[in-house]
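User: Please choose one helix of this model and look at it closely, with its helix partners and the open space beside it. I am in my first year, so please explain each term when it comes up.

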Amino acid sequence: MMQKITDSPIDFAEDIIHDVKNSKEEGVLKCVQCGMCTSTCPAARHSDYNPRDIIERVLEGDITILEDDCIWNCFYCYTCHSVCPVGNSVCEVNQILKQFAIKNGIGYEKLYEYMGFADSYFTAAIGAIPEIFFADIDRDVPGWWDFRQHLDEIRNELELDPPLMPPKDVIDEVSTILTITGFKEKIERIRETQEGKK
């Protein structure tokens, strides 16, 4: 439900301003709706994502933005951050909006595709491309799958050392940190909600 002006819409912007991830002080409130962010945004060029609209909705107190698929289209390239004449950062605002959405149980289906990243942090203490993306990468980057299949041979031919892998004690430490901070619990909740739908 969209907030009305009588519902103090500025409260929504204030929540974003005071979030630990916001580095631009009160940049959200300084937005003059010039559209520089949108004119340079690659996500806006290739999807319905509109950085100017994101800030406008935040300033209007439109909390339905948390349920809008568009917030998941930001590439986090920080182009908007670099061109804003009043020092705003829509990509940071967007990251905060996503966190608000996740906290409210929204967007789990968007995160589910990335569970492979989370799993690799627990099992190897490093990120890895989730298998769910292999077909898309191979389609978009011709020859990628063949390259991936022969990567060890290519590294040997170029006389490169094997990829560095963290030792077991580091993997255990990272896994412990991810568990203590609640990351593991969040991942399990996301996985349960999505796998229960199948």
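Analyst: What follows is a close look at helix α7, with its two packing partners first and the empty spaces of the model after that.

The model is a predicted one, in which local features need pLDDT of at least 70 and side-chain atom pairs count only at pLDDT 80 or more, while totals for chains, interfaces and linings use all residues. Residues are numbered from 1 along each chain as its sequence is written, and side-chain values use heavy atoms, with hydrogens and water left out.

The chain holds 14 helices and 0 strands, where a helix is a DSSP run of H or I with at least four residues, a strand is a run of E with at least two, and both are numbered from the N terminus. Along the principal axes, the C-alpha atoms of the chain fill a box of roughly 65 × 35 × 35 Å.

Two packed helices are described by the angle between their axes and the distance between those axes. The axes are lines fitted to C-alpha atoms over the stretch in contact, and the angles, taken between N-to-C directions, run from 0 to 180 degrees. Helix α5 (residues 51–59) and helix α7 (residues 90–103) have axes that come within 10 Å and cross at roughly 60 degrees. That makes α5 oblique to α7, since angles under 35 degrees count as roughly parallel, over 145 as roughly antiparallel, 65 to 115 as roughly perpendicular and the rest as oblique. The crossing of α5 and α7 is left-handed, a word used if the near helix is turned anticlockwise from the far one by less than a right angle, with right-handed for clockwise. On the α5 side the contact (heavy atoms within 4.5 Å) is made by P51, I54, I55 and V58, and on the α7 side by V90, V93, N94 and L97. By class, this contact has 7 nonpolar, 1 polar and no charged residues, where Ala, Val, Leu, Ile, Met, Phe, Trp, Tyr, Cys and Pro count as nonpolar, Asp, Glu, Lys and Arg as charged, and the others, Gly among them, as polar.

The second partner is helix α1 (residues 10–17), which packs with α7 at an angle of about 100 degrees, the axes being 10 Å apart. That makes α1 roughly perpendicular to α7. Here F12, D15 and I16 in α1 meet V93, I96, L97 and F100 in α7, and the contact divides into 6 nonpolar, no polar and 1 charged residues.

Helix α7 also borders open space. On a 1 Å grid over the protein atoms alone, a pocket is an open set of points with protein on both sides within 12 Å along at least five of seven lines, a cavity is a set where a 1.4 Å probe fits but cannot get out, and lining residues have an atom within 4 Å of a point. The largest pocket has a volume of about 820 Å³, a volume being the space filled by probe spheres set on grid points that are joined across faces, edges and corners. Of its 27 lining residues, W72, Q99, I102, L111 and Y114 are the closest to its centre. The elements that give two or more residues to this lining are α7, α8 (108–112), α9 (115–124) and α14 (183–195), and α7 supplies the largest share, 6 residues. The lining has 15 nonpolar, 3 polar and 9 charged residues.
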